[in-house]
Amino acid sequence: KILNDSSAPFYKWFEDGLLNASYNCIDKNIDNGNGEKIAFIFESDDGDSYSVTFNELLKKVSKLANAIKKLGYKKGDVAIIYMPMTVEGITVMHACARLGITHSVVFGGFSAKSLQERIVDVGACLVFTADEQVRGGKKTPLKVAVDEAFSLGGCDHVRNVIVYKKTGTKIKFFDDRDLWLHDLTKDESEICAPVWVESEHPLFVLYTSGSTGKPKGIQHSTAGYLLHSILTMKYTFDIKADDVYWCTADIGWITGHTYV
């Protein structure tokens, strides 16, 4: 549509369009014949490494999306992702996007108070986390921090906490709220149709660090974010189809969120 200058600077991009971020990132690659191409090479803290193809990633994303859909989550809901750097973290982001659920990634190094502030401010009704994360050989409890965040109050809208078993350490489990990710997805279908959303639909909200005041949530629309991401990959990084690209940033920051 032609932009109306009377709305400046609050322009709306691709206002009459429908799309899905997960479909654009995964399904389109498969449709273009790249299903068996490696989507991610993952290396854990202890050096263990494995690869995931686009076909495999789509199956993982679809199983999780089907599971959280059965729990009653849908387009317009908001999920917090407080997870370590894993393929599972990426899977959760895509499962949310596939259903039109707006997500907000919180850096796994943030405190329970920082997590609680973001859960409350963004109005989350679902939280994804892990038992622990491992960085530099040191284990950091994530589920414990989630429980502490809840104890600080204001998180009453959260109906479920879905936990990825990363290290296998024993954690406190609330049967009326907590669910293991592996149990949730094991019997789900590997096919999940994407929910088409408006181009201005909020894909995710990412907060500033809060080091100079109250954390500020920046909302990113689906179409505009995808366009800027692919333009920078093409024209800033000059990415080619046979390149292997490495991003060091955590998914809790915009660089990691975008370029991982």
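**View 1. Alanine 193, an exposed loop residue.** Alanine 193 counts as exposed because its relative accessible area is 56%; exposed means over 50%, buried under 20% and partly exposed in between (1.4 Å probe, protein chains only). The residue lies in the loop between α6 (181-185) and β11 (197-198). Helices (H or I, at least four residues) and strands (E, at least two) are DSSP runs, numbered from the N terminus. The C-alpha atoms of alanine 193 and alanine 65 are separated by 9.4 Å, with their positions 128 residues apart along the chain. The model is predicted: local features need pLDDT of at least 70, side-chain atom pairs count only at pLDDT 80 or more, and totals for chains, interfaces and linings use all residues. Residues are numbered from 1 along each chain as its sequence is written, and side-chain values use heavy atoms, with hydrogens and water left out.

**View 2. Helix α2 against helix α3.** Two packed helices are described by the angle between their axes and the distance between the axes. Here α2 (residues 54-70) and α3 (residues 87-99) have axes that come within 8 Å and cross at roughly 60°. Axes are lines fitted to C-alpha atoms, for helices over the stretch in contact, and angles run from 0 to 180 degrees between N-to-C directions. That angle makes α2 oblique to α3. The classes are roughly parallel (under 35 degrees), roughly antiparallel (over 145), roughly perpendicular (65 to 115) and oblique (the rest). The crossing of α2 past α3 is right-handed: the near helix is turned clockwise from the far one by less than a right angle, whereas anticlockwise would be left-handed. On the α2 side, the contact is made by Leu57, Leu58, Lys60, Val61, Ser62, Leu64, Ala65, Ile68 and Lys69. On the α3 side, Val87, Glu88, Thr91, Val92, His94, Ala95, Arg98 and Leu99 take part. Contact means heavy atoms within 4.5 Å. By class, this contact has 10 nonpolar, three polar and four charged residues. Ala, Val, Leu, Ile, Met, Phe, Trp, Tyr, Cys and Pro count as nonpolar, Asp, Glu, Lys and Arg as charged, and the others, Gly among them, as polar.

**View 3. Helix α1 against α3.** The axes of α1 (residues 21-34) and α3 come within 7 Å. They cross at roughly 120°, so α1 and α3 are oblique to each other. From α1, Ala21, Ser22, Tyr23, Cys25, Ile26 and Asp27 meet His94, Ala97 and Arg98 of α3. The contact of α1 with α3 has five nonpolar, two polar and two charged residues.

**View 4. Helix α4 against helix α5.** Helix α4 (residues 112-122) packs on helix α5 (residues 143-151) at an angle of about 60°, with the axes 8 Å apart. The pair is therefore oblique. α4 passes α5 in a right-handed crossing. Ala112, Leu115, Gln116 and Ile119 of α4 touch Ala145, Val146, Glu148, Ala149 and Phe150 of α5. Seven nonpolar, one polar and one charged residues make up this contact.

**View 5. Buried residues of α4 and α5.** In α4, the buried residues are Ala112, Ser114, Leu115, Gln116, Arg118, Ile119 and Val122. They pack against β4 (78-82), β6 (126-130), α5 and β12 (202-207). In α5, Lys143, Ala145, Val146, Asp147, Ala149 and Phe150 are buried. These pack against β4, α4, β6, β8 (138-141), β9 (160-164) and β10 (178-180). Just after α4, glycine 123 takes a positive phi of about 75°. α5 is followed by glycine 153, with a positive phi near 90°.

**View 6. Valine 122 in helix α4.** Valine 122 counts as buried because its relative accessibility is 16%. Beyond residues up to four places away in sequence, valine 122 touches Val78, Ile80, Val205 and Tyr207. Valine 122 and glutamine 219 are 97 residues apart in sequence and 10.0 Å apart in space, C-alpha to C-alpha.

**View 7. Glutamine 133 in strand β7 (residues 132-135).** Glutamine 133 is buried, at 2% relative accessible area. A polar atom of its side chain lies 3.0 Å from the backbone oxygen of glycine 108. Leaving out residues up to four places away in sequence, glutamine 133 touches Pro84, Gly108, Gly109, Lys138, Lys139, Thr140 and Leu142.

**View 8. Aspartate 238, with a positive phi.** Most residues other than glycine have a negative phi. Phi of aspartate 238 is near 55°. Aspartate 238 sits in the loop between α7 (222-235) and α8 (254-259). With a relative accessible area of 46%, aspartate 238 is partly exposed.

Methods
A polar contact is a pair of N or O atoms within 3.5 Å; within protein, one must be able to donate a hydrogen and the other to accept it, and residues adjacent in sequence count only if both atoms are side-chain atoms.
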